Amino acid sequence: MSRSTRKAGLKLCLIGLAAVLMYGGTAAAGVLSVCIDKSSPGASMDYGVARAVAAQQGNTLKVHEFDGSGSGDDGFPARQFNKLAHDSCALVLGYPIDADEKSVLPGLHATAPYGHTGFVLVTAKGSKATDLDQLPSHTSVAVTYQTTPNLYFIDHPQLQADVHLSNEDALKALEQNKVHAAMLWQPTVVKYLSQRREAGRFAYHELHEPHAQFNLVALYDSGNASVAAAFDKSIASMTASGELARILALYAETGPAQPMVHVAVHGRPGSAWWRPRTRRTADRSCGSAELKRRHATASRAHAAALPKLFTDAQATEGKEKFLAICARCHGPALEGRVGPALKGPNFASAKADFHVGDVFTIVSQNMPATAPGTLEHQDYVKIMAFLLRENGYPAGKKALTYDEAKASKVELRYHGT
Ligand code: HEC
């Protein structure tokens, strides 16, 4: 068996956010080695669960990323899972197993379920319907080609199928009011909604139909039974302590936390979560009024000397993006919620010792946490401009570019009052 260890060392050591990803290799003492489908809409969840389990076990995490989106009509070939589990990692995370069938791929075993996902009914928010039977007759319902929900029209002949080639198209049809409901894979819906300002217009509900519910498991081959047993043990303890629910809840877009993960229309693997090592921040206010005033004067003087990295227009557009995409986790005033505060002395502190490029790297590669890296480059730049302005940096005449933001060694310190 070849055990090549290609280390694609993407090493992000940025305050609370540290991710060490290495490619290849199998389980060894002190290492938890997992495979994650980077094409899965819930890949960030897989990372979350993997990081949390590795931390819980005191192991280093090794991640082998693969692209499970497959090609052609057949999707990702099932035997690839055997190969991954044999050659690349001890556990292949995020594999969804039909809750009604419990079938595992031949030659592989599954851990106990650690998450849950499935097909959901998506409706406009005002709609009272939470189930197919409650939709008015002749409602047209968007579905994606060759997915299980196509079969639900057989038992619900009062509904009209509107079949789309991709989940994205089906969601667009709903967004444009061409259909009044859709039946789609939950992680796809969550990922899509997390990128839209219209998110508030939709609601989704579990579908109570055959083969709509899935459990997420990790697949392994018999050589890694002990790793799987340790994984199950960690998951059980994180379930008991509430930590698993906390991790999963981070990705629940609406309503009560419901672990949601990724796809598996024709046997594609899924995904799981992410460990929020949130630095809780409470802006400390300075003692006396005199101190405050002196501090204010000092920072105004300082601000004059600060580099002008962005234009006001960029920051203003960035604010709009921030409110639409980031505010639900970081707060509309950047005060921090699930995610840490992004403004103030505890964020841009000497202790954190951030440079503009560091923060930009976090934002552009890891945010929004539920759909990392999915915004347009320009939108990341505008959001960065907004974060700088909020932290007391002055606007200038020259616009910030993506490459400048990424490379910037300008120290990030809070210069507000
Ligand atoms: C689903 C929730 C969520 C969304 C949406 C989200 N974040 Fe985050 N963000 C987090 C969490 C949780 C952390 C803490 C991660 C850690 O430290 O491991 C974080 C960390 C960060 C950090 C690092 C801050 C620090 O001091 O460690 C920055 C900067 C950031 N987010 C910016 C953004 C921006 C900009 C957006 C919008 C494009 C965004 N986030 C969207 C949850 C979210």
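**Exercise 1. The iron site**

Find which residues coordinate the iron atom of the ligand in this predicted model, and work out which geometry fits the site.

*Solution.* Start at the metal. The iron atom of the ligand is coordinated by His330 through NE2 and by Met367 through SD, at 2.0 to 2.2 Å. Next, look at the angles: among the six donor atoms they run from 84 to 178°. Six donors count as octahedral if opposite donors are over 155 degrees apart and all others between 65 and 115. The site is octahedral.

Now place the two residues on the chain. Histidine 330 belongs to helix 9 (residues 312-330), while methionine 367 sits in the loop between helix 10 (356-366) and helix 11 (377-390), so the pair ties together parts that are 37 residues apart in sequence.

Last, check accessibility, where buried means under 20% relative accessible area. Histidine 330 has 10% and therefore counts as buried. Methionine 367 has 18%, so methionine 367 is buried too.

**Exercise 2. Salt bridges that involve helix 11**

Take arginine 389, aspartate 379 and glutamate 390 in turn: which residue does each of them meet in a salt bridge?

*Solution.* For orientation, a search of the whole structure finds eight salt bridges. Three of them can be worked through one by one.

- Step one: arginine 389 meets aspartate 312, with 2.9 Å from N to O. This pair links distant parts of the chain, as arginine 389 is in helix 11 and aspartate 312 in helix 9, 77 residues apart. Arginine 389 is partly exposed at 25%, and aspartate 312 is partly exposed at 44%.
- Step two: aspartate 379 pairs with lysine 321, and their closest N and O atoms are 3.7 Å apart. Since the cut-off is 4 Å, the pair qualifies as a salt bridge. Aspartate 379 lies in helix 11 and lysine 321 in helix 9, so parts 58 residues apart in sequence are tied together. With a relative accessibility of 13%, aspartate 379 counts as buried, whereas lysine 321, at 29%, counts as partly exposed.
- Step three: glutamate 390 bridges to lysine 343, the closest N and O atoms being 3.0 Å apart. Glutamate 390 is in helix 11 and lysine 343 in the loop between helix 9 and helix 10, so this pair ties together parts that are 47 residues apart in sequence. Both ends are partly exposed: glutamate 390 at 22% and lysine 343 at 25%.

**Exercise 3. Classifying aromatic pairs**

Classify the ring pair of tryptophan 185 and phenylalanine 214, then the ring pair of phenylalanine 322 and phenylalanine 386.

*Solution.* A pair of aromatic rings is described by the distance of the centres and the angle of the planes. The structure holds nine aromatic pairs.

For tryptophan 185 and phenylalanine 214, the ring centres are 5.0 Å apart and the planes stand at 75°, so the pair is edge-to-face. Tryptophan 185 is in strand 10 (residues 181-185) and phenylalanine 214 in strand 12, 29 residues apart, and the pair links distant parts of the chain. Tryptophan 185 is buried at 1%, and phenylalanine 214 is buried at 7%.

For phenylalanine 322 and phenylalanine 386, the centres are 5.4 Å apart and the planes at 50°, so this pair is tilted. Phenylalanine 322 lies in helix 9 and phenylalanine 386 in helix 11, so the pair ties together parts that are 64 residues apart in sequence. Phenylalanine 322 is buried at 1%, and phenylalanine 386 is buried at 2%.

One more group is worth viewing: ring pairs link Phe66, Phe81 and Tyr95 into a cluster.

**Exercise 4. Two residues and their contacts**

Is glutamate 209 buried or exposed, and which residues does asparagine 82 contact beyond its neighbours within four places in sequence?

*Solution.* Begin with glutamate 209, found in the loop between strand 11 (202-206) and strand 12 (213-220). Its relative accessible area is 13%, so glutamate 209 is buried. Not counting residues up to four places away in sequence, glutamate 209 touches Leu132, Tyr152 and His156.

Move on to asparagine 82 in helix 2 (residues 79-88). At 26%, asparagine 82 is partly exposed. Leaving aside neighbours within four places in sequence, asparagine 82 is in contact with Pro106, Gly107 and Leu108. To finish, compare positions along the chain and in space: asparagine 82 and leucine 105 are 23 residues apart along the chain, and their C-alpha atoms are separated by 8.3 Å.

How values were computed. Residues numbered from 1 in each chain as written. Predicted model: local features only at pLDDT ≥ 70, side-chain atom pairs only at ≥ 80, totals over all residues. Heavy atoms only, no water. Donors = N, O, S within 2.8 Å, 3.2 Å for Na, K, Ca; no water. Tetrahedral: all angles 85-135°; square planar, octahedral: opposite > 155°, others 65-115°. Helix = DSSP H or I, 4+ residues; strand = E, 2+ residues; numbered from the N terminus. Buried < 20%, exposed > 50% of the residue type's maximum accessible area, 1.4 Å probe, protein only. Contact = heavy atoms within 4.5 Å. Phe/Tyr/Trp six-rings, centres within 6.5 Å; stacked < 30°, edge-to-face > 60°. Salt bridge = Lys/Arg side-chain N within 4 Å of Asp/Glu carboxyl O.
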